[in-house]
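Here's a friendly walk through the structure for anyone meeting it for the first time. Take a look, then read on.

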Amino acid sequence: MSEEWDRGRYEREKRNFIESRRNLRPVYLHVSLIFAATWLAGWGFSWMLLMLGMANMPARYAISFFLSYLVFIACVRIWSDLVRAETGGGWDGGSIDVGGTDGEGCLVVIAVLVLGLVAGAVFAMLGGLPLLLEVAFEVAFAGVVVRRVSRKLTVGDWLGALIRNTWLHALAALIALVAIAGVLQAKAPGAKTFGEAVKSLRGSQPIASWR
């Protein structure tokens with residue numbers, strides 16, 4: 001794309017792009033699924049680190065959070081291609097096939113989706129949806145040159161936009177997660193997981209655990 005816009009058109013195009021998509025029902029579901037995938041990745045990374053012998057909960061959760069943030073970045077990049085079209089594009093999230101899983105597997109899928117919906121809803125209420133749509137705008141109009149008074153800007157820095165728009169949310173979540181893990185492990189020194197710490201504080205032996 002070799003178009004050139006002035007600053008005014010750039011702001012109008014970005015505003016129109018965001019407003020035309022922020023009220024689409026599939027977009028909210030997509031964002032929820034992004035958070036569900038991010039949460040599941042964090043859980044998986046924590047489990048792998050635990051299997052490798054890392055029993056320190058705050059450190060393990062911090063590393064897992066960072067790795068899951070990379071998964072979040074990848075998911076947002078893929079999702080950005082889905083919202084190029086005016087209708088929201090691609091898959092509308094209307095069906096999820098879990099027919100090949102057993103009852104326990106279905107419960108895990110449902111739990112992950114519920115957590116994703118909750119996280120997505122909180123993120124949306126905090127004004128996060130337009131921030132992600134701004135990233136999608138950078139992807140959709142990559143290559144457009146914006147003329148400014150002193151220099152020209154080329155649209156397409158989706159990664160920079162994503163980090164700028166989400167680092168504060170991520171930092172707040174990381175601090176809260178590590179702080180909670182630190183408090184739990186301090187009160188239950190023998191615990192290696194969130195579930196074990198909670199069960200220990202309740203005075204019962206852990207029989208299952210969150211990673």
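## The core

This is a predicted model, and a good place to start is its largest nonpolar core, which has 29 residues. Phe 72, Val 76, Trp 79, Leu 132 and Phe 141 have the most contacts inside it. The elements giving two or more residues to this core are helix 1 (7-22), helix 2 (25-51), helix 3, helix 5 (129-140) and helix 6. Helix 5 chips in the largest share, seven residues.

As background, nonpolar side chains tend to be buried together in soluble globular proteins.

## A look at Val 76

Which residues does Val 76 touch, once neighbours within four places in sequence are set aside? The list is Ile 34, Leu 132, Val 135 and Leu 162. Leu 132 shows up again here, having already been named with Val 76 among the core residues with the most contacts.

## Helix 3 meets helix 6

Now for a pair of helices. The axes of helix 3 (residues 57-82) and helix 6 (residues 158-187) come within 9 Å and cross at roughly 155°. Angles over 145 degrees count as roughly antiparallel, so that's how helix 3 and helix 6 run relative to each other. Their crossing is right-handed.

What sort of residues make up the contact of helix 3 with helix 6? There are 20 nonpolar ones, plus three polar and one charged.

## A buried glutamate

Back in helix 5, have a look at Glu 134. Its relative accessible area is 17%; under 20% counts as buried, so Glu 134 is buried. Not counting residues up to four places away in sequence, Glu 134 touches Lys 14, Ile 18 and Asn 165.

Technical notes:
Residues are numbered from 1 along each chain as its sequence is written. This is a predicted model: local features need pLDDT of at least 70, side-chain atom pairs count only at pLDDT 80 or more; totals for chains, interfaces and linings use all residues. Side-chain values use heavy atoms; hydrogens and water are left out. Axes are lines fitted to C-alpha atoms, for helices over the stretch in contact, and angles run from 0 to 180 degrees between N-to-C directions. Helices (H or I, at least four residues) and strands (E, at least two) are DSSP runs, numbered from the N terminus. Angles under 35 degrees count as roughly parallel, over 145 as roughly antiparallel, 65 to 115 as roughly perpendicular and the rest as oblique. A crossing is left-handed if the near helix is turned anticlockwise from the far one by less than a right angle, and right-handed if clockwise. Ala, Val, Leu, Ile, Met, Phe, Trp, Tyr, Cys and Pro count as nonpolar, Asp, Glu, Lys and Arg as charged, and the others, Gly among them, as polar. A nonpolar core is a set of buried Ala, Val, Leu, Ile, Met, Phe, Trp, Tyr and Cys residues joined through side-chain atoms within 4.5 Å. Buried means under 20% relative accessible area, exposed over 50%, partly exposed in between (1.4 Å probe, protein chains only). Contact means heavy atoms within 4.5 Å.
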